[in-house]
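Q: Could you walk me through this model, beginning with how its parts are assigned?

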Amino acid sequence: MAESLEELQRRIDDLRTEVQRVVRAGDPLRLRELRAELRRADSAYYEALDAVDMPKAESGPCEQPGTMLPVRDQVHQALTLLSVPSAPKMIVAVQDAFFAGELTGAQLASLRRDEERSFRSSPHARPFYLCSALTADRLVAARGLVAVSTWAMSRRVIGPLSPRVDFLTAGIAVAERITRMPVPTLPVLRLLWRFATSIPDAAASFDVMDAATVADAARAELAIHRDADDAERESTALRARRQLDDAEQLFGSALKVVTRVTAPD
């Protein structure tokens with residue numbers, strides 16, 4: 001029996017977590033096996049997604065590509081590729097480049113609030129929720145970053161090094177996706193260039209840019225920051241699980257206003 005999209009998503013998340021463990025353990029043979037399995041799972045996910053879209057595309061010949069999926073599913077699709085908490089602009093760019101989407105920043109503006117209302121009214125009723133990344137210091141929603149509820153808490157918290165680590169991780173994911181394309185399109189190459197320009201030794205120019213080289217350059221820098229970031233995130237995730245309820249773990253702790261009491265004269 002073919003796996004559902006939700007089952008494939010969970011398998012991809014588990015494989016990514018296992019890849020991180022194996023990298024830290026220094027087992028290159030197991031790492032090659034996991035990467036191959038991750039590529040197969042990733043391909044199966046998008047094949048399953050394409051199969052869902054096909055009947056809808058035939059029913060509306062005048063519709064433009066990318067309009068078949070609801071907004072939340074388009075966001076989930078882009079975040080699955082990026083694999084890290086991301087800003088609306090990046091989500092829109094990925095959806096446009098890889099999936100011919102029609103997302104706009106305005107559509108994402110109220111989405112997280114709608115997801116939180118849905119969760120609070122009927123907790124865990126959906127296979128996934130689009131939620132917030134949480135700041136490591138106060139465990140509040142990180143401004144402008146969207147995550148997926150099925151990700152481990154350690155992937156959804158943001159420490160001092162996390163923005164750079166997540167940028168490099170997303171760059172690797174985009175580059176690896178492009179290496180599997182028979183002929184990369186101009187939009188996906190422009191997206192890759194946005195990463196390459198901010199990664200040392202990734203590409204000398206747009207014309208000579210190579211996705212595999214960009215991925216290798218990103219991995220080289222990622223190796224410098226990853227262990228410290230992982231330690232910070234794991235510590236923060238443990239604290240979040242102890243201090244926050246289910247809703248707060250997804251959407252952040254509410255900031256409390258403290259009123260200063262002055263002593264009487």
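A: Helices (H or I, at least four residues) and strands (E, at least two) are DSSP runs, numbered from the N terminus. Read along the sequence, this protein goes α-α-α-α-α-α-β-β-α-β-α-α-α-α, with 11 helices and 3 strands. The model is predicted, so local features need pLDDT of at least 70 and side-chain atom pairs count only at pLDDT 80 or more, while totals for chains, interfaces and linings use all residues. Residues are numbered from 1 along each chain as its sequence is written, and side-chain values use heavy atoms, with hydrogens and water left out.

Q: How much of the protein is buried?

A: Buried residues, meaning those under 20% relative accessible area (exposed is over 50%, partly exposed in between, with a 1.4 Å probe and protein chains only), make up 45% of the 265 residues.

Q: And at what angle do α8 and α9 pack?

A: Their angle is about 150 degrees and their axes are 10 Å apart, where axes are lines fitted to C-alpha atoms, for helices over the stretch in contact, and angles run from 0 to 180 degrees between N-to-C directions. The two helices, α8 and α9, are therefore roughly antiparallel, since angles over 145 degrees earn that label, under 35 count as roughly parallel, 65 to 115 as roughly perpendicular and the rest as oblique.

Q: Which residues of α8 and α9 meet there?

A: With contact taken as heavy atoms within 4.5 Å, F167, A170, G171, V174, A175 and I178 in α8 meet V188, L191, L192, R194 and F195 in α9.

Q: Switching to rings, how many aromatic pairs does the structure hold?

A: It holds 5 aromatic pairs; rings of Phe, Tyr and Trp (its six-membered ring) pair if their centres lie within 6.5 Å, and planes under 30 degrees apart count as stacked, over 60 as edge-to-face and the rest as tilted. F98 and F99 form a tilted pair, 6.3 Å centre to centre with 50 degrees between the planes. F98 is buried at a relative accessible area of 15%, and F99 is buried at 15% as well.

Q: Why is the pair of F167 and F195 tilted?

A: The ring centres of F167 and F195 are 5.0 Å apart and their planes stand at 40 degrees, so the pair counts as tilted. Because F167 lies in α8 (residues 162-179) and F195 in α9 (residues 186-196), the pair ties together parts that are 28 residues apart in sequence. F167 is partly exposed, with a relative accessible area of 22%, whereas F195 is buried at 1%.

Q: Which rings link into a cluster?

A: Ring pairs link F119, Y129 and F251 into a cluster.

Q: OK, backbone now: where does L139 lie, and what is its phi?

A: L139 lies in the loop between β1 (130-135) and β2 (141-148), and its phi is near 60 degrees, a positive value in a residue other than glycine. For background, most residues other than glycine have a negative phi. L139 is also buried, at a relative accessible area of 2%.

Q: What about D201, is it buried or exposed?

A: D201 counts as exposed, at 73% relative accessibility. This residue, D201, is found in the loop between α9 and α10 and has a positive phi of about 65 degrees although it is not a glycine.

Q: Last one: where is D230 found?

A: D230 is found in helix α10 (residues 211-243) and is buried, with a relative accessible area of 15%. The C-alpha atoms of D230 and L161 are separated by 9.3 Å, with their positions 69 residues apart along the chain.
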